[in-house]
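Student: Could you pick one part of this structure and take me through it closely? I'd like to see how it sits in the rest of the chain, so don't hold back on the detail.

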Amino acid sequence: MRELVTHLSALDSGAAETVKVIAYFDRLVEGRAGLEPIVRGAAVLSGCPARLADDERRVRVRVEPDGRVVPAAEPPDPEWPSAPVRPDGPVALWLERPGPPSPVDAMVLERASAAARAVLDRTRGRVVDPASVEVVLDASADERTRLRAAHRLGLGATARAVVTDAVPLVVPPQWTPPERSRVGLGTVVNLVDLPLSGEQARTAFRFTATEDDPGPSVVEYAELGGLAVLADAVGPRTKPVADVHSLENARTAAPWVLPTLVAVAGAPSLRAAANTLVVHHSTLQERLAHAEHLLGWPVRDPAGRLRLQLAIALWRLHRNG
């Protein structure tokens with residue numbers, strides 16, 4: 001593929017960019033990526049915000065070209081380049097800029113919509129009735145209405161809300177997360193308390209790792225502890241603190257920086273982190289020295305490690321809206 005892109009670049013730069021788009025989304029499909037990475041790819045490759053809205057599945061994802069998830073403030077403009085996710089369905093994917101799509105934009109829409117369709121087809125069987133799911137998670141609906149909706153979903157006396165690949169679900173207590181999916185898990189509750197579990201699942205999902213983050217893909221709200229308070233304090237319009245900027249700058253400096261820092265933040269010791277990274281202890285020490293220089297603070301003492309853990313958590317919250 002690399003040789004083909006190089007050859008096409010010499011002949012036609014537009015053709016080379018189109019091939020890059022195809023290869024990018026093919027990798028996402030092969031890796032069973034969720035909806036957010038797909039929309040993020042559309043935004044980054046097109047250089048403008050991209051959004052996906054599937055009303056049937058109650059799924060809405062919007063990503064800025066810098067990779068940040070930012071909720072939509074306005075409805076889609078009919079002048080934006082767009083595409084349906086299902087061949088016979090309504091428009092569901094937009095690139096937020098006016099005018100006809102360029103050849104690259106057209107390919108982004110084609111490949112992103114196909115990739116999103118694969119995710120929605122993969123998750124469709126998990127939800128019997130999306131409207132009922134919406135009702136049982138709606139705190140404004142009266143208790144009797146929510147219980148009727150829970151009965152339609154075939155739930156027992158208790159259940160939990162989850163968000164997987166940006167899709168909200170309600171599942172039995174022993175539900176097993178699918179492989180290669182980002183999943184936020186609410187706590188197991190009585191049916192009348194499912195709106196609370198839904199809020200917990202959305203919070204937990206914000207702490208899950210995206211496609212270029214080696215962190216956890218499945219996060220339990222019950223295991224967040226005090227970190228859940230951060231989610232209430234950080235929203236789409238919250239200005240990142242300096243440590244988040246430092247972490248982002250360090251991440252972009254070298255491909256090994258983020259995996260190294262995530263491993264150190266999550267391991268009980270440096271030797272355990274080295275084992276996780278499959279590197280020698282001395283190699284890890286050398287990398288940490290460079291990473292600490294990039295960050296601007298030490299991470300090998302308790303205070304610095306806590307500061308790193310908070311920076312990583314905040315960085316994920318900003319990326320996940």
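Tutor: One convention before we start: a contact here means heavy atoms within 4.5 Å. Also keep in mind that this is a predicted model.

Let's take helix 10, which runs over residues 257–266. How many of its 10 residues are buried? The count is 8, so helix 10 is largely enclosed by the rest of the structure. "Buried" means under 20% relative accessible area. By name, the buried residues of helix 10 start with Val-257 and Leu-258, go on with Thr-260, Leu-261 and Val-262, and finish with Ala-263, Val-264 and Ala-265.

What covers those buried residues? The cover includes helix 9 (242–253) and helix 11 (270–277), along with helix 12 (281–295) and helix 13 (302–319).

You can follow part of that packing through one side chain's owner, Arg-251, which belongs to helix 9. Leaving aside residues up to four places away in sequence, Arg-251 touches Val-257 and Leu-258, and also Asp-212 and Trp-315. Val-257 and Leu-258 are among the buried residues of helix 10 that we just listed. Arg-251 itself counts as partly exposed, because its relative accessibility is 22%. For a longer jump along the chain, try Arg-251 and Leu-295: they are 44 residues apart in sequence, with 9.4 Å between their C-alpha atoms.

Now look at the link between two of the covering helices. Val-278 sits in the loop that joins helix 11 to helix 12. It has a positive phi of about 55°, although it isn't a glycine. For background, most residues other than glycine have a negative phi. Val-278 is also exposed, because its relative accessible area is 72%.

Zooming out, how does helix 10 fit into the whole? The protein has 13 helices and 9 strands. Its radius of gyration is 21 Å, close to the 20 Å that the globule rule gives for 321 residues, so the protein is as compact as a globular protein of that length. The C-alpha trace spans about 60 × 55 × 35 Å along its principal axes. Buried residues come to 47% of the 321. If you take the contacts between residues at least 6 apart in sequence, 59% of them join residues at least 24 apart. The exposed surface is about 15800 Å², with carbon and sulfur atoms supplying 55% of it. As for charge, there are 37 positive and 39 negative ones, and their mean positions are 3 Å apart.

For something to set beside the helix, go to the strands. Ala-161 lies in strand 5 (residues 158–164), and it is buried, with a relative accessible area of 1%. Beyond its neighbours up to four places away, Ala-161 touches a long list of residues, including Leu-137, Leu-169, Val-170, Leu-185, Leu-194 and Ala-201. Its C-alpha is 11 Å from that of Ala-204, 43 residues away along the chain.

Strand 6 (residues 167–171) holds Val-171, which counts as buried at 3% relative accessibility. With the same neighbours left out, Val-171 touches Leu-155, Ala-159, Arg-160 and Val-162. From Val-171 to Gly-156 the C-alpha distance is 9.6 Å, and the two are 15 residues apart in sequence.

One last stop, if you like ring geometry: the aromatic count comes to 1 pair. It is made by Tyr-24 and Phe-25, whose ring centres are 5.5 Å apart and whose planes meet at 85°, so the pair is edge-to-face. Tyr-24 is partly exposed at 23% relative accessibility, whereas Phe-25 is buried at 1%.

So what should you take back to helix 10? With 8 of its 10 residues buried, it is largely enclosed by the rest of the structure, and helices 9, 11, 12 and 13 are among what covers those residues.

How values were computed
Residues are numbered from 1 along each chain as its sequence is written. This is a predicted model: local features need pLDDT of at least 70, side-chain atom pairs count only at pLDDT 80 or more; totals for chains, interfaces and linings use all residues. Side-chain values use heavy atoms; hydrogens and water are left out. Helices (H or I, at least four residues) and strands (E, at least two) are DSSP runs, numbered from the N terminus. The radius of gyration is taken over C-alpha atoms; the globule rule is 2.2 Å times the number of residues to the power 0.38. Buried means under 20% relative accessible area, exposed over 50%, partly exposed in between (1.4 Å probe, protein chains only). Accessible areas come from the Shrake-Rupley method with a 1.4 Å probe; for residues, only the protein chains shown count as cover. Lys and Arg count as positive and Asp and Glu as negative; His and the chain ends are not counted. The place of a charge is taken as NZ of Lys, CZ of Arg, CG of Asp or CD of Glu. Rings of Phe, Tyr and Trp (its six-membered ring) pair if their centres lie within 6.5 Å; planes under 30 degrees apart count as stacked, over 60 as edge-to-face and the rest as tilted.
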